[in-house]
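Visitor: Could you take a close look at one part of this model and explain how it relates to the rest? I should also like to know how far the prediction can be trusted and which conventions apply.

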Amino acid sequence: MTRTLSCLFIVFAFSLLTLSCDTTDSGNDQEEIRFKDGIPVEVMNLLGEDMLKVIENDLKMPIHRGDNPPDIVAMLSKTAQEKSSGAVGKTVVMSPLLLLETNVPSDAGSYEPGHEFIDEYFRLSSNPDEFLVIVERRSVSPSDGKIYATSIPADFMVGGEGNRFTIYGQNETVYEDKEGTSLAMRIFSGVFTEDGAISSPHYSIFMIDDGGVEDIIPSGTGRSFMDGDGFATVTTWPEE
């Protein structure tokens, strides 16, 4: 793993903006607007149409639009492969994690589509809000089980329709030694099968604002990943 990717993975602050207060006037009623064109309004405000087009077209990241997403934790609880124990969420892993596309200039000649990165584990827990899910993430070497990066639990926004979903998490990283703060978006998409497995999982990291910090991926660039087996497998959370 390069220093660039490592820096992006080191998370000091992992938070979401307060939910939008935009309203639609309907007589005396105030109706909260939470989606625009099937995308959470917070995501649209952060990325804008141009960045979304880069993520979907250049990085080939599937974005499942819609305002009726499945209950992700409940669906994961259906799978016969369930191995998670304890009261904290359900864990899935993308392994092998293969690079799908990149528009990071420094990746040219170093990381080509199909390059294998270390595994990504996602622990997902329910949030009372149907459009949020609590996500915790760990990056683990498949060869020796060493944990290279972890995040604190944070609310991710959820969109989708039927059995298709996309979750979005704002990732703010403070680089104290470089006196800078970057803002990135992490996106995870998938399609639930009837038994609760996640097929066609995709994951991406996109830099919204690099904050002038050197040695990280620049603003407007990112990487997308796919699972080499085509499924995100339900498993146990990797302990330190």
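Guide: Over residues 1-30 the pLDDT (the predictor's confidence in each residue, from 0 to 100) stays under 50, and the model has 81 contacts beyond four places in sequence for this stretch; a contact means heavy atoms within 4.5 Å. Residues 81-87 also have pLDDT below 50, with 13 contacts in the model beyond near neighbours in sequence. Where pLDDT is low, the predicted coordinates should not be read in detail. For the protein, the mean pLDDT is 85, and 83% of the residues reach 70 or more.

This is a predicted model, in which local features need pLDDT of at least 70 and side-chain atom pairs count only at pLDDT 80 or more, whereas totals for chains, interfaces and linings use all residues. Residues are numbered from 1 along each chain as its sequence is written, and side-chain values use heavy atoms, with hydrogens and water left out.

The part chosen for the close look is strand S10, residues 132-140. The protein has three helices and 17 strands; these are DSSP runs numbered from the N terminus, helices being H or I of at least four residues and strands being E of at least two. Eight of the nine residues of S10 are buried, so the strand is largely enclosed by the rest of the structure. Buried here means under 20% relative accessible area, exposed means over 50%, and partly exposed lies in between, with a 1.4 Å probe and protein chains only. By that criterion, 52% of the 240 residues of the protein count as buried.

S10 pairs with several strands, a pair requiring that DSSP finds at least two bridges between the two strands. With strand S9 (residues 119-126), S10 runs antiparallel and is joined by eight bridges. Within this pairing, Ser125 has Ile134 of S10 as its bridge partner, and a hairpin connects S9 to S10 through five residues. S10 also runs antiparallel to S12, to which four bridges join it; here Val133 stands opposite Phe156 in S12. With strand S11 (residues 147-150), the pairing is antiparallel over three bridges, and Val140 stands opposite Ile147. The hairpin of S10 and S11 has six residues between the strands, and Gly145 in it takes a positive phi near 75°. In a regular strand the side chains alternate between the two faces of the sheet.

Strand S12 (residues 154-161) includes Val158, which is buried, with a relative accessible area of 2%. Beyond four places in sequence, Val158 touches nine residues' worth of surroundings that include Leu132 and Val133, together with Phe35, Pro40, Pro69, Ile72, Phe131, Thr166 and Ile167. Its C-alpha lies 9.9 Å from that of Ile187, 29 residues away in sequence.

Beyond these strands, a search of the whole structure finds eight aromatic pairs. Rings of Phe, Tyr and Trp (its six-membered ring) pair if their centres lie within 6.5 Å; planes under 30 degrees apart count as stacked, over 60 as edge-to-face and the rest as tilted. Phe117 and Phe225 form an edge-to-face pair, 5.2 Å centre to centre with 80° between the planes. Phe117 lies in strand S8 (residues 116-117) and Phe225 in strand S16 (residues 222-227), so this pair ties together parts that are 108 residues apart in sequence. Phe117 is buried at 6% relative accessibility, and Phe225 is buried at 2%. Both belong to one aromatic cluster that also includes Tyr111, Phe122, Phe165, Phe188, Phe192 and Tyr203.

Glu116 also lies in S8, but at 45% relative accessibility it counts as partly exposed. Glu116 and Asp227 are 9.7 Å apart in space, C-alpha to C-alpha, and 111 residues apart in sequence. Finally, among contacts between residues at least 6 apart in sequence, 62% join residues at least 24 apart.
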